[in-house]
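Colleague: I am still learning to read models of this kind, and I would be glad if we could go through one slowly. May I put some questions to you while we look at it together?

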Amino acid sequence: MTDHKMTDHNKIRQLLALAAAEALDAKESELVMRHLRECAECSAELEQWQQLASGLRQLPTPQPSADLVQRTCARTEAWLAEEREHVWNVRVMISLVVFAWALTLTSWPIVRFASGGLLSLLDPRLNQSWLGFAGFTSLVWLTGGIAAVLLSLHQRRERRLA
């Protein structure tokens, strides 16, 4: 065989297993068939591949046990529920933070207006009522944060026990 024919021969040999599995497209299949008419060695090898492929097709397809399927479905459902809960928790936390900031920013002018000190809002000096309000707001935020952490820990503990 010439060098060019040897290269083509090696390419065709690489396609024989796929040809036996009927996994080639029409162009590749025609190329292999044309080569097989001229090459007895590749024809014999294709026949061996076809026998192997036929034997593999006759083997039974392994089926998972019903228990394995049930456990896998249960785990998948639990994972999906956890993911939905996580997304929900993130949305709720973002909403609460936005709401808390909006409430904090709007409550100071409302408190000042209700106390009759609307003009003192324009005063750049920090006065006692503002410091008291800032301290109260910080305490509320800290308490809310501690409550959120404790709630999260309690929820994790319940999940582990379930």
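Colleague: In which helix does H35 lie?

Modeller: Please keep in mind that this is a predicted model. The helix in question runs over residues 26-38, and H35 falls inside that stretch, so to speak, as part of helix α2.

Colleague: Is H35 buried or exposed?

Modeller: A residue counts as buried when its relative accessible area is under 20%. For H35 that area is 14%, which places the residue under the cut-off, and therefore H35 is buried.

Colleague: Leaving aside its neighbours within four places in sequence, which residues is H35 in contact with?

Modeller: Contact here asks for heavy atoms within 4.5 Å. Once the neighbours within four places in sequence are set aside, the partners of H35 are H9, I12 and C42.

Colleague: C42 belongs to α3, where E45, L46 and A53 are buried as well; within what arc do the buried residues of α3 fall, seen down its axis?

Modeller: An α-helix has 3.6 residues a turn, so residues three or four places apart point the same way. In α3 the buried residues line one face of the helix, because, seen down the axis, they fall within an arc of 100°.

Colleague: Which exposed residues does the face of α3 turned away from its buried side carry?

Modeller: Helix α3 covers residues 40-58, and the residues asked for are found within that range. On the face turned away from the buried side, the exposed residues are A40, Q48, Q51 and Q58.

Notes: Residues are numbered from 1 along each chain as its sequence is written. This is a predicted model: local features need pLDDT of at least 70, side-chain atom pairs count only at pLDDT 80 or more; totals for chains, interfaces and linings use all residues. Side-chain values use heavy atoms; hydrogens and water are left out. Helices (H or I, at least four residues) and strands (E, at least two) are DSSP runs, numbered from the N terminus. Buried means under 20% relative accessible area, exposed over 50%, partly exposed in between (1.4 Å probe, protein chains only). The expected span of a helix is 1.5 Å times one less than its number of residues. The arc is that of the directions from the helix axis to the C-beta atoms.
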